[in-house]
Amino acid sequence: MVNLKINGISVQAEEGTTIIEAARQAHIDIPSLCYLKDINCIGACRVCVVEVKGARGLVASCVYPVSEGLEVWTNTPQVRKSRKTTLELLLSEHRKKCLSCVRSERCELQKLCKDYGVDEDKFPSTEEIKPIDATSAYLVRDNSKCIHCMRCVAACNKQNIGVIGPRQRGYKKTIGCAFEQTLDSVACVGCGQCVVSCPVGALYEKNNVNEIWSAIENPDKKVVFFTAPAIRATLGEEFDMPVGTNVEKKLPGAIRGLGADAAFDMDVTADLTILEEAAELVDRIKNNKPLPMFTSCCPGWVKFAEHYYPELLPHLSSCKSPQQMFGALLKSYYCEKNNIDPDDLYVVSVIPCTAKKFEVNREEMQNTVDAAITTRELAQMIRAAGINFETLPDSEFDSPFETASGAGVIFGATGGVLEAALRTAAYMLDGNFSGSDFVEVRGIEGIREATYNVAGTEIKVAVTSGLGNASKLCDMVKYGNAPYQFIEIMACPGGCINGGGQPIQRDAVKNSIDIKALRAGVLYKIDAESEYRKSYETPIMKQIYEEYFGEPNGEKAHHLLHTSYTARGKY
């Protein structure tokens, strides 16, 4: 530990800590645009500059390490003048369409410009309207708003994808794909971590809100929504509720308030996925089929495997994701039961993920979901409808898809899919198995592994999230060094609770609290308090199989609820 002073306040910090990190211990936030904890730390934007005793000129606090006796000032006239000038220079080449920007009021540049009282016309505008890349089914890049902070590039590299980066140098520099390729022509997996890392409106999801409003207004369409498990742990943040607020009981009323005919809970098909996936795992174990088996409910991870590890595709579970299972269930079982023409049913999924937008358009999925919208898009619709979300009375999801198990809820956190599947697979292997919690696979960081003995069968499992970690596990399997039977991978670090479609928190929040852990805690609390904790226990699961599918992994279930994958190549 070293002793230093920041604005006259005595601070103790670990040696090697940077000034920007040490300042938080003195309850001082130093502004920045390029710095993002655990993602990017390059000292490029110069907004975080501070004065250091003995230093020649101002220094970038995000890369300057603390040392014994260091004295720092973060709020001198020289510092404030430098930051204001830097912001004004950034605005001279930034497309200032703030009123219509998706990041308006949640933009770091906008906030800092207001805080420092900048003159947006101080320097002659060199704004150049650059082409917008809207070629992919899930992301849009607008380089006219890019401030070259490199956070999206760092996020993409951390995911071990690296399909975007700087092109040219100096004043001509832009961020994009190599050789002027578009997003739809490179091996992007659609995880959206670049979007949640961007401090401005240069990256955002492909918006489907207008087409959903059109469907709601169409008298010939019956419009139904279903919401993914992680949405209840995050949507409240869009309405300034604290991180870690559970809004499950407000979701159905908000959706019906939009004019939808019904609001369903996707946790139900998370349970359905578990029954199918657990049955597939047991079949693979008993009949010496390819092991380890990977979970397949994360479309970002699936696309990553298709691009970068096509030789491992036989190891992926053939189960569709809960989103696509729900679409298939609604356009078959639900329509038949309610005498609805499937063409008249408009199905909307609310998801924490941008990759799900790509999944909706996969040829293998037979167009069972009509539109997928992110948490942010749902919040946009709620605000546009004039719904006061915070004061909504509690309500329930609509029948028959209103009751799910706690196992279905924890799908939204890394490790949750595997834990949920183990609860059911253990029962299938040993009907007397009564355990519910496999806590060894819980957590956020790194690769977690565990071994369980069920009915005399030793099951070794591994869990990870973030595609950098996924590459390590995939290499182990590829080269025969993985002793596991079952592996869960989620593309986004922390799982769906940290998906690319989730609410974007201020940098000051992201850099100071563990958002992923707080959101995941919501799901585990719901699970612990659930009436049903195993997927096979819920009334709707029993009803669906008795009335329609027969048995998990049976012929009818396999036809509607399973799929195949496509080797895509890296370039």
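1. Q193 is buried, with a relative accessible area of 8%; the cut-off for that term is under 20%. The model in which this value was computed is a predicted one. Q193 belongs to helix α5, which covers residues 193-197. Leaving aside residues up to four places away in sequence, Q193 touches A155, Q159, C492, P493, N498, G499 and G500.

2. The helix that holds Q193 also takes part in a pocket. Helix α5 is one of the elements that each supply at least two residues of the lining of the largest pocket, together with α4 (151-158), α15 (467-478) and α17 (515-528). The volume of this pocket is about 820 Å³. Its lining consists of 34 residues, and D38, I39, P493, N498 and K516 are those that lie nearest the centre. P493 and N498 also appear among the residues that Q193 touches. Sorted by class, the lining of the largest pocket has 15 polar, 11 nonpolar and eight charged residues.

3. The second largest pocket holds about 600 Å³ of space. It is lined by 23 residues, and V102, S104, R106, E238 and R383 are the closest to its centre. By class, this lining has 10 charged, eight nonpolar and five polar residues. Strand β10 and helix α12 (375-384) each supply at least two residues of the lining. The largest share, four residues, comes from α12.

4. Helix α12 deserves a separate remark. The helix is mostly covered, with seven of its 10 residues buried. The buried residues in α12 are T375, R376, E377, L378, A379, M381 and I382. Just after the helix, G386 takes a positive phi of about 75°.

5. Which residues of strand β14 are buried on its one side, and which on the other? On one side they are L345, V347, S349 and I351, and on the other Y346, V348 and V350. Both faces of the strand are therefore covered, given that a residue counts as buried under 20% relative accessible area. The strand spans residues 345-351, and seven of its seven residues are buried.

6. Strand β14 has parallel partners. Strand β11 (residues 222-227) pairs with β14 in the parallel sense over six bridges, and F226 stands opposite S349 in this pairing. Strand β15 (residues 371-374) also runs parallel to β14, to which four bridges join it. In that pairing V348 stands opposite A371. Between β14 and β15 the chain passes through helix α11 (residues 355-360), and this β-α-β crossover is right-handed.

7. Strand β1 shows another pattern of burial. In a regular strand the side chains alternate between the two faces of the sheet. Along β1 (residues 2-6), V2, L4 and I6 point to one face and are buried, whereas N3 and K5 point to the other face and are not buried.

8. The pairing of β1 should be read with that pattern in mind. Five bridges join β1 to strand β2 (residues 9-13), and the two run antiparallel. N3 stands opposite Q12 in this pairing. The two strands form a hairpin with two residues between them, and N7 in the turn has a positive phi of about 55°. Strand β1 also pairs with strand β5 (residues 71-73), here in the parallel sense and over two bridges. In that pairing K5 stands opposite E71.

9. A further point concerns an open sheet of three strands, whose order is β6-β7-β10 and whose pairing is antiparallel. Its edge strands are β6 (132-133) and β10 (203-205), each of which pairs on one side only. Strand β6 is joined in the antiparallel sense over two bridges to β7 (residues 139-142), with I132 opposite D142. The edge strand β10 is also an element that supplies at least two residues of the lining of the second largest pocket.

Note on methods: Residues numbered from 1 in each chain as written. Predicted model: local features only at pLDDT ≥ 70, side-chain atom pairs only at ≥ 80, totals over all residues. Heavy atoms only, no water. Buried < 20%, exposed > 50% of the residue type's maximum accessible area, 1.4 Å probe, protein only. Pairing = 2+ DSSP bridges. Right-handed = clockwise from strand over helix to strand, strands pointing away. Contact = heavy atoms within 4.5 Å. 1 Å grid on protein atoms, 1.4 Å probe; cavity = no way out; pocket = protein on both sides within 12 Å on 5 of 7 lines; lining within 4 Å. Points joined across faces, edges and corners; volume = space filled by probe spheres on them. Nonpolar A, V, L, I, M, F, W, Y, C, P; charged D, E, K, R; others polar.
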